[in-house]
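Take a moment with the sequence and the fold below. The paragraphs that follow walk through the chain one region at a time.

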Amino acid sequence: MKQFIIVLCLLASKSVFYAGAQAPTQTANDYVRPYTEAFQYGTNMGYYNSNWSDENLASIAENLGAHSIRPSLPEYFVAQYGYNIRVPAFNSYVNTHGMRELTCFVEGPSAAHRETTTYPGATGQSKMFANLYEPIWNGDGTVNQNNYYAYYLYQLLAVYGDKVRFWEIVNEPDFSNSANVNDWSNRAPTPGELVNIQAPIFSYIRMLHVSYEVVKKYRPDAYVTTGGVGYSQFVDALMRYTENPNGGAVTTQYPNTGGAYIDALSFHSYPAYSLHYWDTVLNGFRYTRTSDYAANKVMEDRQGFADVLTRYGYNGVTRPAKHILMSETNIGRRTSDDRTGSDEMQRNFGIKTLVLSQKKDIKQLYYYQLGESVTAPAANQLVSGSDEMALMGLYENLMRDAPGSEHTTQLGKAFATTSKLLYGAHYDAARTAALALPAGIDGAAFNKNGTYTYVLWAKALVDNVEYATGVYSFPLALSMGNLQRYEWDYSSTNARTTQTPLLIALGTAPSFFTDAPSTGSTTNPGSSTGCSGTGSLTREQWSNLGGTGLAAT
């Protein structure tokens with residue numbers, strides 16, 4: 001009974017605003033709250049036109065198996081329209097459309113609260129909040145309203161905090177047009193190099209500090225994270241510098257570097273821009289433009305960030321490890337410049353990235369984005385760089401199509417299939433290792449309540465050739481029976497075939513396999529229904545019992 005009461009209290013705490021709580025006395029150098037929720041299949045929603053309300057967008061995201069979304073609540077917006085302006089939308093996300101574990105990014109001071117400084121080298125006025133270095137707390141423990149950012153975040157937490165799990169601080173704070181980012185490993189980025197903040201990195205670290213204290217006081221079950229960073233060199237700088245406006249130096253007043261104020265690291269990866277390398281023999285670039293190289297480039301980016309965190313002791317031993325999530329990724333489905341794009345490559349990339357992300361313990365993935373904003377030309381027609389980004393949707397052009405007339409892209413169908421077959425299942429490293437996949441085959445095993453689903457494909461390793469074949473047999477030691485096989489478009493066709501576990505023909509489009517259900521069953525993988533016949537079956541099982549015998553009672 002005592003344990004039951006504790007569980008109820010913990011569950012109840014998720015919906016309580018901790019108005020009387022104390023400011024945190026520890027940092028992320030001391031403790032990071034474990035994250036045990038299922039991997040979230042998410043999307044950025046975007047804005048299209050007045051035909052598409054946020055509720056409409058959430059509905060069609062739900063239709064494709066999205067279980068989370070990534071909204072934004074900039075201060076200039078809520079200051080103008082009121083902090084409650086988005087309450088109906090957020091209630092719809094969670095209560096009507098089943099969205100959970102939301103990631104929300106915060107930024108954008110109102111004109112009255114924006115810093116007026118133009119820093120040396122910057123191209124314009126700072127985009128940061130004024131009064132960032134004002135005290136966070138009043139003497140009575142309340143938030144200091146003169147610290148505009150702290151009070152803005154406090155008000156957001158009071159209204160939306162029960163629906164947001166990850167708070168991203170400034171979208172892409174390290175976005176840069178011209179910097180040699182490798183220099184950031186040895187010096188601080190300059191305000192002019194940081195387009196989205198136009199301020200010293202020390203001010204951004206101060207923002208992380210304020211965020212950490214306010215979030216942890218009022219929503220201790222939430223996480224503070226970077227806002228979709230793109231460069232590991234920027235994260236390296238966060239780990240080296242403090243919020244000290246005097247060059248980020250460590251002092252008694254500013255003892256902690258940026259790593260102390262984030263529970264998680266959120267990153268962005270657009271691999272199409274990196275699918276080449278300089279070949280000295282060729283004396284030119286060698287290209288690797290396929291879905292496999294693209295998906296693995298995202299994982300390389302993830303590893304680059306993880307390596308930086310490990311280097312500064314965030315390894316789960318010296319200091320708590322940080323959670324990693326990806327809040328934007330995709331490739332275009334039409335070719336732009338030397339960046340190859342096709343429906344097939346984009347769709348295959350989508351499934352492979354979802355699978356590999358779970359293998360690499362990424363907690364959430366949000367595709368960019370829900371809908372496209374231009375109409376795709378013929379497959380062999382080149383597009384501009386802006387149209388390349390615009391053709392990254394789960395749905396075709398939502399500027400053209402009204403609610404009820406939307407058309408799913410191949411990526412959208414692939415996303416829906418993956419979510420339908422895998423949501424709630426957990427990556428099983430031991431079972432994946434037992435598959436003994438040969439060099440030309442990739443994939444993974446997932447476990448949901450003892451039922452396995454396998455995702456397998458032949459690697460496409462020839463530049464500009466989104467085609468590969470392979471043959472795979474499950475090891476005899478696994479004693480596999482017949483399997484049910486599902487292809488990338490299962491979400492729209494509901495088609496499946498029975499597959500023996502030997503000599504399985506694979507292509508570069510991933511296929512899904514589950515244990516074959518009983519004859520006549522139409523149950524989806526991982527679900528459970530009653531049998532169609534009459535009578536009953538009883539099964540009893542005991543595990544981990546001691547002794548030498550069992551007696552009936």
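Which residue in S20 is the bridge partner of Leu483? In this predicted model, that partner is Asp515. Leu483 has a second neighbour to look at: Gln499 in S18 stands opposite Leu483. Leu483 belongs to strand S17, residues 483-486. S17 and S20 run antiparallel, joined by four bridges. S17 also pairs with S18, again in the antiparallel sense, over three bridges.

Is S17 buried or exposed? Both of its faces are covered. Leu483 and Arg485 lie on one side, Gln484 and Tyr486 lie on the other, and all of them are buried. The cut-off helps here: a residue counts as buried because its relative accessible area is under 20%.

Now step back to the sheet around S17. Strands of a sheet pair through backbone hydrogen bonds, in a parallel or an antiparallel way. Here six strands form an open sheet, and the pairing is antiparallel. Read across, the order is S13-S14-S15-S20-S17-S18. The edges are strand S13 (426-427) and strand S18 (497-499), and each of them pairs on one side only.

A helix packs on this sheet. Helix H9, residues 343-359, touches S13, strand S14 (441-448), S15 and S20. The direction of H9 makes about 65° with that of S14. Two of the strands that H9 touches also pair with each other: strand S15 (residues 451-458) and strand S20 (residues 511-515) are antiparallel and share four bridges. One place to find this pairing is Tyr454, whose bridge partner in S20 is Phe513.

Follow the chain on from H9. Asp361 sits in the loop between H9 and S10. Its phi is near 60°, a positive value in a residue other than glycine. Why does Asp361 count as partly exposed? Asp361 does so because its relative accessibility is 44%.

Another residue in a loop has a positive phi. Ser479 is not a glycine, yet its phi is about 50°. Ser479 lies in the loop between strand S16 (469-472) and S17. With a relative accessibility of 63%, Ser479 counts as exposed.

The loop between strand S10 (362-367) and strand S11 (371-372) holds Gln369. A cis peptide bond joins Tyr368 to Gln369. The omega angle there is about -10°.

Next comes Thr408. Where does Thr408 lie? It is in the loop between strand S12 (395-397) and helix H11 (410-422). Thr408 is partly exposed, with a relative accessible area of 27%. Leaving aside residues up to four places away in sequence, Thr408 touches Leu64, Leu394, Tyr395, Glu396 and Lys413. Gly371 is 37 residues from Thr408 in sequence. In space, the two C-alpha atoms are 8.9 Å apart.

Move now to an earlier part of the chain. Strand S4 covers residues 164-169, and strand S5 covers residues 223-226. S4 and S5 pair in the parallel sense over four bridges. Within that pairing, Ile169 stands opposite Thr226 in S5. Helix H6, residues 201-218, completes the picture: S4, H6 and S5 make a right-handed β-α-β unit.

H6 has a helix partner too. Helix H5, residues 148-160, and H6 have axes that come within 10 Å and cross at roughly 35°. This crossing is right-handed. H5 brings Tyr149, Ala150, Leu153, Tyr154 and Leu157 to the contact. H6 brings Met207, Val210, Ser211, Val214, Val215 and Tyr218. What is the make-up of this contact between H5 and H6? The residues divide into 10 nonpolar, one polar and no charged.

Finally, look at the whole chain. How many helices and strands are in the chain? There are 13 helices and 20 strands. The chain has 553 residues, of which 52% count as buried. Contacts between residues distant in sequence can be counted as well. Of the contacts with a separation of 6 or more, 72% come from residues 24 or more positions apart.

Notes: Residues numbered from 1 in each chain as written. Predicted model: local features only at pLDDT ≥ 70, side-chain atom pairs only at ≥ 80, totals over all residues. Heavy atoms only, no water. Pairing = 2+ DSSP bridges. Right-handed = clockwise from strand over helix to strand, strands pointing away. Axes fitted to C-alpha atoms, helices over the stretch in contact; angles between N-to-C directions. Left-handed = near helix turned anticlockwise from the far one by under 90°. Contact = heavy atoms within 4.5 Å. Nonpolar A, V, L, I, M, F, W, Y, C, P; charged D, E, K, R; others polar. Buried < 20%, exposed > 50% of the residue type's maximum accessible area, 1.4 Å probe, protein only.
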